[in-house]
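This report walks through a structure step by step, for a reader who has not met it before. Please look it over before reading on.

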Protein chains: 2
Amino acid sequence: MTTAHHAPGEARPGGRTARTRQAVLTAVFRELGDGGFAALTMEGVAQRSGIHVATLYRRWRSTEGLVCDLLTDLSADVPLPDSGTLPGDLQALAGSIAAFYGEARMRRLIEAVVSAAARDPEAAAVLRTFFGERLALAGRMVERAVERGELPADTDPEKVMSALGAPFYYRILIVRRPVDQDLAASAATAVWAAARAGAYGRRDDGPAHDASPGG
Amino acid sequence: MTTAHHAPGEARPGGRTARTRQAVLTAVFRELGDGGFAALTMEGVAQRSGIHVATLYRRWRSTEGLVCDLLTDLSADVPLPDSGTLPGDLQALAGSIAAFYGEARMRRLIEAVVSAAARDPEAAAVLRTFFGERLALAGRMVERAVERGELPADTDPEKVMSALGAPFYYRILIVRRPVDQDLAASAATAVWAAARAGAYGRRDDGPAHDASPGG
């Protein structure tokens, strides 16, 4: 269930542009590990990566841009499973997310991105787009479950995937306690039970009546 | 279901110390509304509140301290219901949270607090303590449900309350889309279904076997 993530810059084929990106993202990753987002500067990344600072400004615009690109790069380390059943997929994905955020540096990364978004509308837009795309992609898992008859036809895939992810970010950003496999198991079990009960129906239909707390 | 929150400084009886606090928190609230956390300074709050800046430093230490105290003050606006059934309580509390964060200024407030925590260990400790206490308090709702026989005896109250809150913070901080009553209804329905299925069992017991995605 644990997924070792690649250090940025490893095992990614590509030309000079790709190598430049990986050198830069590796430097960002290490700078964040050393000093967090507050200490991250374009100059520090340039020095560490050996890439000219003008190139950094041209391609990434700001430290917010660097951190968001790093997030995109690292998200490839949380694979989307296809085990044949939704419970199996939810358990596998939750386990991968827990392994990813089990590392302090990954927690600091998401904290840095969220902080950047609070200050900078462009960073906020990057974050919104990133998670929007990621949720849409992960939603395929739910669409397959609906096709297999595991879930009601009106299930909203993005609601299901949001519900799976939410507990991890709440734990990291709000409650500020460690992410562990117990949280992953609980999140996957909860989402499966709630999805079967119709809690994630599409907006126009609302939740299934017999599962509504109000009903 | 909507709960109008008090402006800081209103309807809180108390002596001179309490009046000073409310004047300061009202100023913090307005400064955050104008410029967000990035523009918040001790001097700006002193000027707006008419309270000497030395008093601010002595009592709140930093802008992080001010924002965390404001959060504590405003949380009194999200009452903990006691409707007689857990589904009713979950629905009411989720509705109150949605109403609270339906306002842009409240979203900016939580963003400011989370950003402060990412930079400042003391702000992180305040946030952790605040939500820890809040979850423990809200957990009474779940304890009553267990006493009424609505939920398995091994249900962990803080897990249930964390699961109810998580979708709101995920929506605000990560997905960055509006918080609405549809999210509240979905969160309450989901938590009720998952709790009945045993997803929030205490750690040593694990989730109920028949509800496990792996089972």
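Is B:Arg176 buried or exposed? The model shown here is predicted, and in it B:Arg176 is buried, with a relative accessible area of 12%, a value that falls under the 20% cut-off for that term.

## Two arginines in loops

B:Arg176 is found in the loop that joins helix H8 (157-175) to helix H9 (181-196) of chain B. Its phi is near 60 degrees, which is a positive value in a residue other than glycine.

A positive phi is also found at B:Arg61, again in a residue other than glycine, and there the angle is near 70 degrees. The loop that holds B:Arg61 runs between helix H3 (53-60) and helix H4 (63-74) of chain B. B:Arg61 is partly exposed, since its relative accessible area is 41%, a value that lies between the cut-offs of 20% for buried and 50% for exposed.

## How the two chains are related

A turn of 180 degrees, together with a shift of 0.0 Å along the axis, lays chain B on chain A with an RMSD of 0.0 Å. That is the relation of a two-fold axis. In chain B, the C-alpha nearest this axis belongs to B:Ser115, and it lies 2.3 Å from the axis.

## The contact between the chains

Chain B and chain A each bring 47 residues to the contact. Of the interface residues of chain B, 100% are also interface residues in chain A, so the copies meet through the same surface. The area buried between chain B and chain A is about 4000 Å², and carbon and sulfur atoms give 65% of that area.

Two salt bridges are found across the interface of chain B and chain A. One of the salt bridges found in the model pairs A:Asp182 with B:Lys159, whose closest N and O atoms are 3.2 Å apart. The interface of chain B and chain A also holds six residue pairs in polar contact, with both residues of each pair at pLDDT 80 or more.

## What chain B supplies

On the side of chain B that touches chain A, at least two residues come from each of helix H5 (86-101), helix H6 (104-119), helix H7 (121-147), H8 and H9 of chain B. The largest share of that side is supplied by H8(B), with eleven residues. Sorted by character, the residues of the side of chain B that touches chain A comprise 28 nonpolar, nine polar and ten charged ones.

Note on methods
Residues are numbered from 1 along each chain as its sequence is written. Chains are lettered from A and ligands numbered from 1 in the order in which they are written. This is a predicted model: local features need pLDDT of at least 70, side-chain atom pairs count only at pLDDT 80 or more; totals for chains, interfaces and linings use all residues. Side-chain values use heavy atoms; hydrogens and water are left out. Helices (H or I, at least four residues) and strands (E, at least two) are DSSP runs, numbered from the N terminus. Buried means under 20% relative accessible area, exposed over 50%, partly exposed in between (1.4 Å probe, protein chains only). Copies are superposed by least squares on the C-alpha atoms of residues with pLDDT of at least 70 in both. Contact means heavy atoms within 4.5 Å. Buried area is the accessible area (1.4 Å probe) that two parts lose on being put together, summed over both. A salt bridge is a side-chain nitrogen of Lys or Arg within 4 Å of a carboxyl oxygen of Asp or Glu. A polar contact is a pair of N or O atoms within 3.5 Å; within protein, one must be able to donate a hydrogen and the other to accept it, and residues adjacent in sequence count only if both atoms are side-chain atoms. Ala, Val, Leu, Ile, Met, Phe, Trp, Tyr, Cys and Pro count as nonpolar, Asp, Glu, Lys and Arg as charged, and the others, Gly among them, as polar.
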